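Grab a pencil and work through a few short exercises on a helix and a loop. Each one comes with a worked solution.

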Amino acid sequence: MNKALIVDDDEIFLFLIKSLFKKNFPEVRLDTCLHGEEALDYLKNDQPDVVFLDINMPVLNGWEFMNKIDAVVPADQKLKIYIVSSSIDPRDHKIAEEDRRISGFIEKPLTAKKLEELSLDWL
C-alpha cells in the first residue's frame, strides 16, 4: 500500500484531507502529524512515499522540519516532499524552489485535481 503523510496543525484541514483521500485515493494509507517534531518522530519509524508539509505550525514549523530532516531520512531514500500552504509570501515560494528536497509548492486548498496534477505514480 502506498503511504502519504500530511503535516499540518489545522485539524479541520486534516479532516478535509482525510475525506478527500478516502473518496478519491482509497488505496493510499494516509497518516497525519500536527507539527514538524511529531513528523520527524514518525519518519524515524515509518517511510511514506510522499509528505505534504505545512509551513506555519507550532513546536517545529515546516522550514525547521526541512532543516532537520536529513538527520532522520537517509539521502538515498526516495521521499517526495510538497509544501502545502496558504502563504503568499514570495520568500516561502523561493525557499521551496531552491531546496532540492522539495518537489513543489501547492497553495491551499489541496484538491483531488491538484493531487492528480503532481504526477505521483501511485495516484
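Two exercises follow, after a quick note on the model.

This is a predicted model, where local features need pLDDT of at least 70, side-chain atom pairs count only at pLDDT 80 or more, and totals for chains, interfaces and linings use all residues. Numbering runs from 1 along each chain as its sequence is written, and side-chain values use heavy atoms, with hydrogens and water left out.

**Exercise 1.** Check the length of helix α1 and work out how its residues are oriented.

*Solution.*
- Helices are DSSP runs of H or I with at least four residues, strands are E runs of at least two, and both are numbered from the N terminus.
- Helix α1 covers residues 11–24, which is 14 residues; at 1.5 Å times one less than that number, the span should be 20 Å, and the end C-alpha atoms are indeed 20 Å apart.
- Now pick out the buried residues (under 20% relative accessible area; exposed is over 50%, partly exposed in between, 1.4 Å probe, protein chains only): Phe13, Leu14, Ile17, Leu20 and Phe21.
- These cover an arc of only 120° (directions from the helix axis to the C-beta atoms), so they sit on the same side of α1.
- Glu11, Ile12, Phe15, Leu16, Lys22 and Lys23 are exposed on the other side.

**Exercise 2.** Place Asn61 and find what its side chain reaches.

*Solution.*
- Asn61 lies in the loop between β3 (50–53) and α3 (62–68).
- Its relative accessible area is 21%, so Asn61 counts as partly exposed.
- The Asn61 side chain reaches the backbone nitrogen of Trp63 at 2.9 Å.

How values were computed. A polar contact is a pair of N or O atoms within 3.5 Å; within protein, one must be able to donate a hydrogen and the other to accept it, and residues adjacent in sequence count only if both atoms are side-chain atoms.
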